[in-house]
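Visitor: I have a structure open and some questions about it. Can we go through it together?

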Amino acid sequence: MASGAVQIPKMTEGYLGPQAKFDAYGLSLVSHSDPIIYMQDSQEEVEIILGIQPGTRITIKMISYERKQECNEYCLIRALGPNYLFLIRPPVPGFYKFQIYALPRDEAGPNMLGVYNYLIYCPGSFGNNPFPKQYPPWKDGCYLYEPLSLPRGIRDPSVRFKVLIPRARDVQVKVGEEWNPLQQSEPGVFEGNVDFSQGYPSGAKAKINVKFAGNNYNTLLEYSL
């Protein structure tokens, strides 16, 4: 759809684009320099790439403009090198406010500050396909190669998992009460196949659990089955 045919909602002056701390935090736009993004009719996803300084903490808020509801589960946050990547998969057609928050390593928290705001228009409808739930430790330099999501009622006997988790000592995929170890193939990268063929009840979870130090595991990602 041509951008000229779309009526842009009115935003508060100064809302779109870089906010006060964007330059001070040393951030940069790697992909989309225009704060208004028009997706194509056939486009299911869009990925925004942000350059950051080492140690910067990042989080986001994604809001359906028409429904006035947060829908953060439709954004996958990944980190690769000096960049953070935000893969966005809108669940229904319409406008979405996408807000990026950041805080440098040397500034006290806990609240991050808004650094850049986008308005995304999605004309297409591709169904309800959320990403896994991402817990705070995931947003510290991790990258999910696969699977980006798991279909409800999955019974696949061999699902490939591959993740980059710096400083991880052990990574396991817990499905129900079963633990499935992933093997380290290169520094920080863990991968392996997991059997889902037995089937799991609605509402069951598949969790990527990680041991960094000591004997405890932290859940970084959680898929709903």
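Visitor: Let's begin with Arg89. Which side chain does the side chain of Arg89 make a polar contact with?
Guide: With the side chain of Glu45, at 2.6 Å. Keep in mind that this is a predicted model.

Visitor: And which backbone oxygen lies 3.0 Å from a polar atom of that Arg89 side chain?
Guide: That of Asn129.

Visitor: Where is Arg89 found, in a strand or in a loop?
Guide: In a loop, the one that links β8 (83-88) to β9 (94-103).

Visitor: Is Arg89 buried or exposed?
Guide: Buried, because its relative accessible area is 6%, and the cut-off for buried is under 20%.

Visitor: What else is Arg89 in contact with, if we leave aside its neighbours within four places in sequence?
Guide: Glu44, Glu45, Tyr74, Asn129, Pro130, Phe131, Leu148 and Ser149.

Visitor: New topic, domains. How is the protein chain divided?
Guide: Into domain 1, residues 17-122, and domain 2, residues 133-224. Each of the two gives 12 residues to the contact.

Visitor: How far apart are the C-alpha centres of the two domains?
Guide: They lie 24 Å apart.

Visitor: What area is buried between domain 1 and domain 2?
Guide: About 990 Å², and carbon and sulfur atoms give 52% of that. On the domain 1 side, the residues that lose the most area to domain 2 are Leu76, Ile77 and Arg78, which together make up 43% of what that side buries.

Visitor: How many salt bridges does the rule find across that interface?
Guide: Zero. For polar contacts, the rule finds nine residue pairs across the interface, with both residues at pLDDT 80 or more.

Visitor: Which elements of domain 1 give two or more residues to the side that touches domain 2?
Guide: β5 (57-64), β7 (75-80) and β8. The largest share comes from β7, with six residues.

Visitor: Now the sheet with β18 in it. What is the strand order?
Guide: It is an open sheet of five strands, in the order β11-β19-β18-β14-β15, with antiparallel pairing.

Visitor: Why is one side of β11 and of β15 left without a neighbour in the sheet?
Guide: Because β11 (133-134) and β15 (178-181) stand at the edges, and each has a single partner strand.

Visitor: What holds strands together in general?
Guide: Strands of a sheet pair through backbone hydrogen bonds, in a parallel or an antiparallel way.

Visitor: Back to this sheet. How many bridges are there between β14 and β15?
Guide: Four, in the antiparallel sense, and β14 covers residues 170-175. Gln172 stands opposite Pro181 of β15.

Visitor: And how many bridges join β14 to β18?
Guide: Six, again with the strands running antiparallel. On that side, Val171 stands opposite Val210 of β18.

Visitor: Is β18 mostly covered or mostly exposed?
Guide: Mostly covered: five of the seven residues in this strand, 205-211, are buried.

Visitor: How does β18 pair with β19?
Guide: Six bridges join them, and they run antiparallel, with β19 covering residues 218-224. One pair there is Lys207 with its bridge partner Glu222 in β19.

Visitor: What sits between those two strands?
Guide: Six residues of a hairpin, in which Gly214 takes a positive phi near 70°.

Methods:
Residues numbered from 1 in each chain as written. Heavy atoms only, no water. Pairing = 2+ DSSP bridges. Buried < 20%, exposed > 50% of the residue type's maximum accessible area, 1.4 Å probe, protein only. Polar contact = N/O pair within 3.5 Å; in protein donor to acceptor, adjacent residues only side chain to side chain. Contact = heavy atoms within 4.5 Å. Domains from an automatic or database assignment. Buried area = accessible area lost by both parts, 1.4 Å probe. Salt bridge = Lys/Arg side-chain N within 4 Å of Asp/Glu carboxyl O.
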